[in-house]
Amino acid sequence: MKKRIAVFANGWGNEYLREVVTGAYGVAKDANVDLFSFVDFSTFSEQNKNINNSEYNIFKLPELQDFDGVIIMANSFNMQDETDYVYHKVIETGIPAVSLEHEFEGITTINTDNYHGMYELVEHVVKKHDARHIVFIGGPREHSESNERLKAVQDVVNENGLSLQEEDILYGDWAKNLCKELVNKWIDCYKDLPDVFICANDIMAMGVCELMTELGYKVPDDVMVTGYDFIRQGQEYVPSIASVNHEWSSMGAKALQILLDKMDGRESDTVVTMKTRFIPGGSCGCNYSSAKEDDRRNYLVHKNDGLACDSHFRHFYMWTKKIENANDLNYSLDNLFHTSHWMEGDNFMLCLDPEFFNIEEMNENLRMQGFSDEMNVISALKSGVPRPHQIMKYREAMFRVSDENPQSQIFIFVPVYSEERNYGFAMLARDMDIVEDNYLYIWTRHMNQCMEQIRRNITIAELTRRLTMLSVTDPLTGVYNRAGCEKIAYPMLEEWHNAGGRGAIMIADIDRMKTINDVFGHASGDLALRTVAAAIKAQLPSDWIVSRFGGDEFFAGGKLMEGMDLKSMQESIMQKLAEEITKRNIVFTLKLSIGIVILEPGGKLNMESELHRADEIMYSIKKEHHREIDNA
C-alpha cells in the first residue's frame, strides 16, 4: 500500500518549493509514496490579514492521521500562525516529521550551511577579482540565515586584511525595490561605487543590477554584483547572477529518506546540515556564453508558456462568466477541461462548499476557517476525462486519485476563497513545474476571481428573483398577488391545457368580510385573510398557484392529475380552516365560499370565461352562507 507524505509550504518561494518537492519525488517513486503538497500564498503584510488567513486555511484541510509523514517547509512561511498551526498539529498527532531550515523542538531539522557557500563566494571575488571595498545587503536585520551569510563575509574580509564598515551593511528585507532604494541612497551619500555588492539573495542582486543600468553603470565592468539562492530567474538574467546553490533538490530527497527511515524505526540525527556551494556567473565577471545561450532558449520557451497561460484563462472566463448554478458550472468546466487542461493536469479536482451556491447576507453561510465535511466536487478529471458532478466527503475526494493509481504521484492543493470567506479548494495532480515564475499563484488568483464572479452572478440572480417575487407577492398573506396570478398561473394553465392536460381553477371568498372589519376591526380582517390563505395553501398540491385576487377574494389553479378529488380537496380546505381558527383563537365567525371549475382539454382556453364560471358557482354558495350567518 502506498504511503502518503504531506508537505506544507508557502508558494512564494516557488523555486524552493519546486526543487524540494521534485527532489523528494525522486525518492518517492522508488519507495511507493505519494506527495500531498498544501500550498498557500500568504505574505508578510499585516494589511492582508484576512487574505492571509484565507490562504493558510489550506493547511487545515488535511487530517494528519491520514498521512504517514510530514515535510514542513517552515522557512518559506510568512505568518507565525502558519508555523504554530503546523507544529502543534504534528506534535498532537505524533506523526514523523522533518522541518527544513527551521528548528522545532522534537522534530528533525535539515539546515542549510549558509556560511560555507557564502565564504566561497566572498573568497572568490576577493582573490580572483581583487575586490577590496565590499557592500553587503542582507535580509531582515534579525534573520538568522542572513546573519550567517554576513558572518562569512566578515570572516573572509578579516582574513584578507580588509574591513567591512557599519555603513557598508544594508538590510533589504529580501525585496528588490527596497534594495534598490537603499543602494541608491548609499551611492548618493558616498558618491562612489564599491568593488562589489554582495546580496543575501538573487532577487536583491537583480535589483542592484537594474539600478546600475538605470544609473548608467555596467555590471560587472563598473561594479560586481553577487546573489544567493541560485534561482532560475537569476541564471536567465543578463548578466547571469553569480550565486550560491542551496542544493534544494538534495534537501528534499534527504527529507523523504529521513521520513522513510523513521517509519521503519530507524532514528536520524536531530539536526542534519547540508552544504551550499558557490557558482560563478556573469555578474562577477565569470561569463560563459554557451550557458547564456541555453538560458536564453529556456527563457523564450517560458515566455510562450506565459502566452498559453493567458489564453487558457481567457477561455476560462468565457466559459464561466455567466454561470449562476452548480450544474451550469459543472457543464462549463467539463467542456473547458475536455478541450484544455495542460495547467491542471490529467487528474484535477475543484471542490466547493455546498453553501457556495446559496446566498445569505454578508456571506455568513460560508466558513471563514476550516472546510465542510462534505464538499461539492463541481469539476474533476480522471486521466483527462471529466468525472460526474457529485457531493462527497472531502477526505474521500482528497485521496480518490491516489487510491486509484498504483504509481507514485504529486498532488498540489491550493485554497479557493473570497477575501475572508472559504469557497473550497482545488487539487492539481501534476509535476511541480507549475510553480515556476508564480504560475501556480496566477492559476489560483484566476480561479478565485472566476469563483467570485460566479458568486456575484448568483447574488444578482437571487436578488432579481426576490425583487420579482416582491412584485408578484401579496405582502399580507405571502401568496401571489393578482399580477403574480396573471404572470405565473395563467401561462402555466394554458401550457398544460394546450398539452392536452386537465386543469382546475378555484375562486374563494371570505363570507361577511365587511362585518369582520366593521365590528372587530381591520386587524381582525387582516388575521382572517392570513388564516384563509394559510388554509388554502396548506391543502392544495405544491405545484398549484395560490393568489390573493383582490380584497377578500382568492384564486387557486393547477394541474388536475388522475385520482385528484376536487370535492375532497374543498372539504380539506374547510377542515384546515376550522383547525386554524381554533389554533389562532379567532372569536369572530370565519367562513369561506369556494367555486371550482374543471378545465377540460380541447379548444382554446378562455381564462376570463372560466373565471366567470367559477365566480358564479362561488356566489351561489355565498348566498347560502350569508343566510346561515345572518340567521345564527
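**Figure 1. Asp130 in the predicted model, a partly exposed residue with a positive phi.** Asp130 is partly exposed, with a relative accessible area of 47%. This residue of the predicted model belongs to the loop between α4 and β6. Although Asp130 is not a glycine, its phi is positive, at about 60°. Most residues other than glycine have a negative phi.

**Figure 2. Trp174, a buried residue with a positive phi.** Trp174 lies in the loop that connects β7 and α6. Its phi is near 70°, a positive value in a residue other than glycine. Is Trp174 buried or exposed? With a relative accessibility of 19%, Trp174 counts as buried, because the cut-off for burial is under 20% relative accessible area.

**Figure 3. The open sheet of parallel strands.** Four strands make up this open sheet, in the order β7-β6-β8-β9, and their pairing is parallel. At the edges stand β7 (169–171) and β9 (224–226), each of which pairs on one side only. From one strand to the next, the twist averages 15°. Three bridges link strand β8 (residues 196–199) with β9 in the parallel sense. Within this pair, Ile198 has Thr226 of β9 as its bridge partner.

**Figure 4. Helices α4 and α6 against the parallel sheet.** Helix α4 (residues 114–127) lies across β6 (134–138), β8 and β9. The direction of α4 is at about 175° to that of β8. An angle over 145 degrees counts as roughly antiparallel, so α4 is roughly antiparallel to β8. Helix α6 (residues 176–190) lies across β6, β7 and β8, and runs at about 145° to β7.

**Figure 5. Two cis peptide bonds that precede prolines.** Val219 and Pro220 are joined by a cis peptide bond, with omega about 10°. Pro220 has its place in the loop between α7 (202–214) and β9. A cis peptide bond also joins Val238 and Pro239, where omega is about 5°. Pro239 is located in the loop between α8 (232–236) and β10 (243–245). Most peptide bonds are trans.

**Figure 6. Surroundings of Leu100 in the largest nonpolar core.** Which residues of the largest nonpolar core touch the most other members? The core holds 66 residues, of which Leu35, Leu100, Leu256, Leu350, Leu352 and Met451 have this role. Residues up to four places away in sequence not being counted, Leu100 touches Tyr16, Val20, Ile71, Ile72, Met73, Ala74, Asn75, Ile110, Met251 and Ala255. Another core, of 52 residues, lies apart from the largest one; among its members are Val125, Ile187, Cys209 and Cys284. In soluble globular proteins, nonpolar side chains tend to be buried together.

**Figure 7. The environment of Ser54 in helix α2.** Ser54 is part of helix α2 (residues 49–56). Its relative accessibility is 5%, and Ser54 therefore counts as buried. What does Ser54 contact when its neighbours within four places in sequence are left aside? The partners of Ser54 are Gln369, Pro415, Tyr417, Ser418, Glu419, Glu420 and Arg421.

**Figure 8. The open sheet of antiparallel strands and helix α14.** Four strands in the order β20-β21-β19-β22 form an open sheet with antiparallel pairing. The edge strands, β20 (545–550) and β22 (592–599), each pair on one side only. The twist averages 20° from one strand to the next. Strand β19 (residues 503–510) is joined to β22 by eight bridges, and these two strands run antiparallel. Ala508 stands opposite Ile594 in β22. Helix α14 (residues 482–498) lies across β19, β20, β21 (553–559) and β22, and the angle between α14 and β21 is about 25°. Angles under 35 degrees count as roughly parallel, so α14 is roughly parallel to β21.

**Figure 9. The contact of helices α15 and α16.** The axes of helix α15 (residues 513–520) and helix α16 (residues 522–539) come within 6 Å and cross at roughly 140°. The two helices are therefore oblique to each other. Helix α15 contributes Met513, Ile516, Asn517 and Phe520 to the contact, while helix α16 contributes His522, Ser524, Gly525, Ala528 and Leu529. By class, the residues of this contact are five nonpolar, four polar and no charged.

Key
Residues numbered from 1 in each chain as written. Predicted model: local features only at pLDDT ≥ 70, side-chain atom pairs only at ≥ 80, totals over all residues. Heavy atoms only, no water. Pairing = 2+ DSSP bridges. Axes fitted to C-alpha atoms, helices over the stretch in contact; angles between N-to-C directions. Contact = heavy atoms within 4.5 Å. Parallel < 35°, antiparallel > 145°, perpendicular 65-115°, else oblique. Nonpolar A, V, L, I, M, F, W, Y, C, P; charged D, E, K, R; others polar. Core = buried A, V, L, I, M, F, W, Y, C linked by side-chain atoms within 4.5 Å. Buried < 20%, exposed > 50% of the residue type's maximum accessible area, 1.4 Å probe, protein only.
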